[in-house]
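Q: I'm a first-year student and I'd like a close look at one part of this model: the places where metal is held. Could you walk me through them slowly?

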Amino acid sequence: MDMKANKKKLGLKEKYAHMTRGLDWETTYQPKDKVFPQATFEGIKVHDWDKWEDPFRLTMDAYWKYQAEKERKLYAVLDAFAQNNGHLGITDARYLSAVKLFLTGISPLEYMAHRGFAAAGRNFPGVGPRVACLMQSIDEVRHAQTQIHALSNYNKFYEGFHAGASHQIERLWYLSVPKSFFDDAFSAGPFEWMIAIGFSFEYVLTNLLFVPFMSGAAYNGDMATVTFGFSAQSDEARHMTLGLECIKFMLEQDPDNLPIVQKWIDKWAWRGIRVLSLVSTMMDYMLPKRVMSWKEAWEIYFEQNGGALFNDLAKYGIKVPDCIAQCTVDKEHQSHQLWLTLCTHSHAMGLHTWLPDAEEMDWLSAKYPNTFDKYYRPRFDELRERADKGERFFANTLPMLCQVCQIPMLFTEPDDPTKICYRESEFQGEKYHTCSDGCKHIFDDEPEKYIQAWLPVYQLYQGNCWPEGTDPTAEGFNPVAKYLEWCHIDAKDTGDYEGSSDQANFAAWRGAATQNT
Amino acid sequence: MSTVFIAFQTNEDTRPIVESILADNPHAVLDEQPAMVKINAEGSLVIKRESIEERIGRDFDLQELQVNLITLSGYLDEDDDQLTLAWKN
Ligand SMILES: [Fe+2]
Ligand SMILES: [Fe+2]
């Protein structure tokens, strides 16, 4: 047999041992608990950090090599996209609303994930998770950067791409939904962070975000998004594996960890599911060419795949979170309720919405036979009728928000889809409102944390969200208009897609690309 | 038994990889989606370095899989010769 020229000197397992464990050292001039002060306050007991092993056994040298290869592939495609008017290849400029939502709502979270994993890597006493968290931290900053680079190609031509990460994530009423999710996780301890992001978001929910989103982008001709999406997603398998290892590790280290872990799983499953309702509208309403319905994606990636996971975790005593019963009801309603709210509030959003046309409503009826015709088609018909008379309806005010998930109070009671669900808690003499039993439960468990939530709509009406020098006593003062100015939103970015400059420009440029005049 | 899966970008790098997986796992089912190929299998799935090398005619490091990987499900174990995905219950 020929000797292979590139025969490795060390096997994978040996190399991993040398380049993780082998690089650790015992502290001598400071006690270990002073060096890792966050390792114990959450109550998680760890007896042997060496039991934590990355199943991919990825070491830093290999990491750099493969990440560099991913970047080369990505930027070659982005150059081709820019050089060949790739933006005209999409099915319809309506599709860009989904991309705007991604850039403003998700890309800033990548940056938060970068910071959070850097902190987790610093705070874990074990060298295995430290190395894995370090790699994930670098992955996440790469995701933020490549998404901003890729989508800057759309910013050259279309509205609404200009201020997502710089101003809007911290100010806009609907972007506080994803932002608060990460703020909540980052202000917890390192173990809760790992359950929130590593396990709940990366393992249980990420498939619902990235896989349909990227397949949807491919289906709608968006080469830039597919490419950064897949490039990011190639890191995701490693992140998911880290999340799963982490939970297994905590449960195997000490039986006392079980109730703490179960509480975090319950909390973060619900928090994550609430954030993903934004993705449900994307799949059911925002993609001109649809891949599958939200309900179908939920059934494949949550019910089947999540079910397999929870079957497996049952041996540790982990139970399926209680909120899943509610989710089984919600999957038939959630995208419709949220899209109706977005449609009637897009005068105050950085993206366009539109009423589904007849063909789209038939698709929705077929995908949601139990609910669409009964509850939602009549409301879209009513909105369409008004729009046809030139009276497209927009609500004049902004909605009340849930104190925990920060989603507008728009979802309905589990047993009555015609009644908005409100829950109320009292803490230190003040009333706080939440959108569901799930969020109320989270609030009641840590009220001191959630009373500090910065709720954009409330801040606006308290007068804290206007440009400097604004005079709210001036004649004809419009608080929402001033708020949008503060959010760096221009009138061109808002409202219905019908009649927008995105619509006009896309039609004109696409026409110019196929004709000589 | 629960299903494990692995998904790759659809491209020329992954075509021989997918072929090897299907050959080594007769119980696996191919699911082709826009720009993505997903392989589902009851219980477990194994990816063998040698089978891929036979098809591509060069040495292959299983860690190269990471470049085109999209998602997976199940517990993973990787060494120099094979990568397995399995549910343990
Ligand atoms: Fe990421
Ligand atoms: Fe809520």
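A: Sure! Keep in mind that this is a predicted model. Let's start with the iron ion (ligand 1): its donors are A:Glu110 (OE), A:Glu140 (OE) and A:His143 (ND1), at 2.0 to 2.2 Å. If you walk along the chain, these donors show the spacing E-x29-E-x2-H. That pattern brings distant parts of the chain together: A:Glu110 sits in helix α5 (residues 107-123) of chain A, while A:His143 belongs to helix α6 (residues 127-155) of chain A, and the two are 33 residues apart.

Are A:Glu110 and A:His143 buried or exposed? A:Glu110 has a relative accessible area of 7%, so it is buried, because the cut-off for buried is under 20%. A:His143 comes out at 0% relative accessibility, so it counts as buried too.

Now hop over to the iron ion (ligand 2). Here the protein donors are A:Cys402 (SG), A:Cys405 (SG), A:Cys435 (SG) and A:Cys439 (SG), and they lie 2.3 to 2.4 Å from the ion. Along the chain you can read their spacing as C-x2-C-x29-C-x3-C. A:Cys402 is found in the loop between α16 (372-388) and β1 (412-413) of chain A, and A:Cys439 is in helix α17 (residues 437-445) of chain A, so this pair ties together parts that are 37 residues apart in sequence.

What arrangement do the 4 donor atoms make around the iron ion (ligand 2)? The angles they subtend run from 107 to 113°, so the arrangement is tetrahedral. Here's the reasoning step: four donors get that label if all angles lie between 85 and 135 degrees, and 107 to 113° is what we have around this ion.

What about burial at this second site? A:Cys402 has 0% relative accessibility, which means that it counts as buried. For A:Cys439 the value is 0% as well, so A:Cys439 is also buried.

To pull the picture together, picture each site as a link within chain A. At the iron ion (ligand 1), the link runs between helix α5 and helix α6, through A:Glu110 and A:His143. At the iron ion (ligand 2), A:Cys402 in a loop and A:Cys439 in helix α17 make the link. When you turn the structure on your screen, try finding A:Glu140 beside the other donors of ligand 1, then look for A:Cys405 and A:Cys435, which are among the donors of ligand 2.

Note on methods
Residues numbered from 1 in each chain as written. Chains lettered and ligands numbered in written order. Predicted model: local features only at pLDDT ≥ 70, side-chain atom pairs only at ≥ 80, totals over all residues. Heavy atoms only, no water. Donors = N, O, S within 2.8 Å, 3.2 Å for Na, K, Ca; no water. Helix = DSSP H or I, 4+ residues; strand = E, 2+ residues; numbered from the N terminus. Buried < 20%, exposed > 50% of the residue type's maximum accessible area, 1.4 Å probe, protein only. Tetrahedral: all angles 85-135°; square planar, octahedral: opposite > 155°, others 65-115°.
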